Amino acid sequence: MFELNENVVYPGHGVAVIEDIIEKNVSGTSIKFLKLAFLFKDMTILVPVYNAASIGLRKPSNQEVINSVIHELTKQPERKLESIDFTPSGWNRRNKDYQTRIQSGRLLEIAKIYRDLMHVAQNKDLSFGERTLLQTTEELLAQELQVVQNENRENVIQVLRGPFKQFVFHERNVLQETTSPAL
C-alpha cells in the first residue's frame with residue numbers, strides 16, 4: 001500500500017515521508033513498521049503497517065480534492081452564527097465534533113472547520129481554544145497544499161485566507177503569523 005520515500009498524511013499531525021520500513025520483534029511476533037518523518041515539524045514516529053489504514057494514514061490528496069477544498073472555503077458556513085451555542089458546554093460539544101473531524105483526516109472536513117471558524121471570527125473575538133483550532137486546521141491544510149501543489153508556504157496561506165480578505169479581523173485574535181503550531 002505504501003512505499004519507501006512516499007509522502008503520506010497522518011490525520012491530525014500533517015504530512016510525513018516514509019523514511020524506512022522496519023521489522024521488529026514485539027512479544028515474540030515479527031511486526032513491520034513504517035518510520036514516518038514529518039516534513040514540517042521535528043518528529044518521527046513508527047506506525048505498524050497492519051494499523052496504518054485504521055488510523056487513517058493516507059496518500060496526499062489529488063488536485064481535484066484540493067480544488068474542491070479551495071472552493072469549499074468560499075461557501076457560507078453550514079450553521080448560522082445565531083444558531084451556535086457559545087456557552088462553555090456548547091464549545092465542548094463543538095470542539096469534540098471538530099476534533100473527530102480532524103482525526104478523520106479528510107481534507108474537506110478540515111476545510112469546513114477552518115471556514116466556519118473564520119466566519120465566527122468576523123463576528124466575535126475567538127477564544128483561546130477556537131484560535132488554537134483555527135491555527136491547527138490552517139496548518140494541516142497548508143501542509144497538504146504545499147506538498148500537492150509544490151508551492152511555498154506564503155502562497156498557500158494567501159490562497160487559504162483569500163476568501164476571507166473582505167472581512168475585517170482583529171489579527172491578534174484570529175491568526176498570528178506563526179511558523180507552525182503544536183499539532
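This report covers a four-stranded sheet, a helix packed on it and a nonpolar surface patch in a predicted model.

## Basis

Local features need pLDDT of at least 70, side-chain atom pairs count only at pLDDT 80 or more, and totals for chains, interfaces and linings use all residues. Residues are numbered from 1 along each chain as its sequence is written, and side-chain values use heavy atoms, without hydrogens and water.

## The sheet

Four strands form an open sheet in the order β1-β2-β3-β4, with antiparallel pairing. Strands are DSSP runs of E, at least two residues long; helices are runs of H or I, at least four. Two strands pair if DSSP finds at least two bridges between them. The edge strands, β1 and β4 (44-48), each pair on one side only. Neighbouring strands are turned by 50° against each other on average, direction ignored.

β1 (7-10) and β2 share four bridges. Asn7 has Val17 in β2 as its bridge partner. Three residues lie between these strands in their hairpin, where Gly12 takes a positive phi near 80°. Strand β2 (residues 14-26) is joined to β3 (residues 29-38) by 10 bridges. Glu23 has its bridge partner, Lys32, in β3.

## The surface patch

Leu4, Ile21 and Val49 form a nonpolar surface patch, with about 230 Å² of accessible area together. Areas come from the Shrake-Rupley method with a 1.4 Å probe; for residues, only the protein chains shown count as cover. Patch residues have over 30% relative accessible area and no salt bridge; like charges are joined within 9 Å, nonpolar side chains (Val, Leu, Ile, Met, Phe, Trp, Tyr) within 5 Å. A salt bridge puts a side-chain nitrogen of Lys or Arg within 4 Å of a carboxyl oxygen of Asp or Glu.

Leu4 is found in the segment before β1.

Methods. Axes are lines fitted to C-alpha atoms, for helices over the stretch in contact, and angles run from 0 to 180 degrees between N-to-C directions. Contact means heavy atoms within 4.5 Å.
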